[in-house]
Amino acid sequence: MTLERPIAPDPYELLPTVPSFTLTSDDVQNGEPMDARHAHGSTGGDSVSPQLTWSDFPAETKSFTVTCYDPDAPTGSGFWHWVLVNVPLAVTQLPSGAGGAAGADLGGAFSVRNDYGEQGYGGAAPPPGDRPHRYVFAVHALDVDRLDLTPDASPAYVGFNLTFHTLARAVIRPTYQIKD
């Protein structure tokens, strides 16, 4: 079987344009391969979410949502690895591994189920031998204190709500590949 296909567009290029702000990480870098500890357990990884820090977001920001999406998954709809909603304004960084205990000390923030069917961060797991996949880690600065969602919401439904409440967005796009 071959996985030859066109390169999927960056998902945020297809949505209304919003300003950007600063997003940095001690663990992942834009355009650079991620360490295997950020990969899914099924591939030998540890499914540890990367450390993220953000700043310079709009003054009118009231909360944040953090997402990780793989547009290169051979599904026709990409693959959601993490959707953390209702992150309070006072939280401007997540330590490594925060995706495993989302909500424990994040002021009521919670993760909706990812495309693995689990809540929290699910690590990278591109098909062996496929080209490098982009993992789009985004922090969305929102104009509301909380999105009216529950942990049962789908990532697509969260994304729909984000479209109407995002003031600005910051993104880091590391890659991951499993060689044959």
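How many salt bridges does the count come to in this structure? The count comes to 4 salt bridges, and three of them are described below. The model is a predicted one. Its 5-stranded open sheet has the strand order 6-4-3-8-9 with antiparallel pairing, and its largest nonpolar core holds 29 residues.

**Salt bridges**

- Asp 130 and Arg 5 form a salt bridge in which the closest N and O atoms are 2.7 Å apart. Asp 130 belongs to the loop between strand 6 (110-111) and strand 7 (133-134), and Arg 5 to the segment before strand 1 (22-24), so this pair ties together parts that lie 125 residues apart in sequence.
- The two partners are covered to different classes: Asp 130 is buried at 5% relative accessibility, whereas Arg 5 is partly exposed at 22%.
- A salt bridge also joins the side chains of Asp 10 and Arg 173, with an N to O distance of 2.5 Å. Because Asp 10 is in the segment before strand 1 and Arg 173 is in the loop between strand 9 (166-172) and strand 10 (175-176), the contact ties together parts 163 residues apart in sequence.
- In this pair the acid, Asp 10, is buried with a relative accessible area of 7%, while Arg 173 is partly exposed at 27%.
- Asp 27 forms a salt bridge with Arg 37, the closest N and O atoms being 2.9 Å apart. Both residues lie in the loop between strand 1 and strand 2 (52-55), so the pair ties together parts that are 10 residues apart in sequence.
- Asp 27 is partly exposed, at 23% relative accessible area, and Arg 37 is likewise partly exposed, at 29%.

**The open sheet**

- Strand 6 and strand 9 are the edge strands, each pairing on one side only.
- Strand 4 and strand 6 run antiparallel and are joined by 2 bridges. Within this part of the sheet, Leu 84 stands opposite Ser 111 of strand 6.
- Strand 8 and strand 9 are paired in the antiparallel sense over 6 bridges. Ala 138 has Val 171, in strand 9, as its bridge partner.
- Although strand 9 is an edge strand, 5 of its 7 residues are buried, so that this strand counts as mostly covered.
- Strands of a sheet pair through backbone hydrogen bonds, in either a parallel or an antiparallel sense.

**Nonpolar cores**

- Within the 29-residue core, the residues with the most contacts are Trp 54, Val 66, Trp 82, Leu 84, Val 87, Leu 94 and Phe 137.
- The elements that contribute two or more residues to this core are strand 2, strand 3 (63-70), strand 4 (79-88), strand 8 (136-142) and strand 9.
- A second, separate core has 15 residues, among them Tyr 12, Tyr 69, Trp 80 and Ala 153.
- Leu 94 touches Pro 50, Gln 51, Leu 52, Trp 54, Val 66, Trp 82, Leu 84 and Leu 106, with residues up to four places away in sequence not counted. Trp 54, Val 66, Trp 82 and Leu 84 are also listed with Leu 94 among the residues with the most contacts inside the largest core.

**Buried residues in strands 6 and 10**

- Phe 110 is part of strand 6 and counts as buried at 13% relative accessibility.
- Leaving aside neighbours within four places in sequence, Phe 110 is in contact with Val 83, Leu 84, Val 85, Asn 86, Arg 146, Leu 149, Thr 150 and Pro 151.
- The C-alpha atoms of Phe 110 and Val 87 are 7.9 Å apart in space, and the two residues are separated by 23 residues in sequence.
- Thr 175, in strand 10, is buried with a relative accessible area of 16%.
- Not counting residues up to four places away in sequence, Thr 175 touches Gly 31, Glu 32, Pro 33, Met 34, Pro 132, His 133 and Tyr 135.

**Surface patch**

- Tyr 157, Phe 160 and Phe 164 form a nonpolar patch on the surface, and together they have about 370 Å² of accessible area.
- Phe 164 is located in helix 1 (residues 155-165). With a relative accessible area of 54%, Phe 164 is exposed, because the cut-off for that class is over 50%.

Key: Residues are numbered from 1 along each chain as its sequence is written. This is a predicted model: local features need pLDDT of at least 70, side-chain atom pairs count only at pLDDT 80 or more; totals for chains, interfaces and linings use all residues. Side-chain values use heavy atoms; hydrogens and water are left out. Helices (H or I, at least four residues) and strands (E, at least two) are DSSP runs, numbered from the N terminus. Buried means under 20% relative accessible area, exposed over 50%, partly exposed in between (1.4 Å probe, protein chains only). Patches are made of residues with over 30% relative accessible area and no salt bridge: like charges are joined within 9 Å, nonpolar side chains (Val, Leu, Ile, Met, Phe, Trp, Tyr) within 5 Å. Accessible areas come from the Shrake-Rupley method with a 1.4 Å probe; for residues, only the protein chains shown count as cover. A nonpolar core is a set of buried Ala, Val, Leu, Ile, Met, Phe, Trp, Tyr and Cys residues joined through side-chain atoms within 4.5 Å. Contact means heavy atoms within 4.5 Å. Two strands pair if DSSP finds at least two bridges between them.
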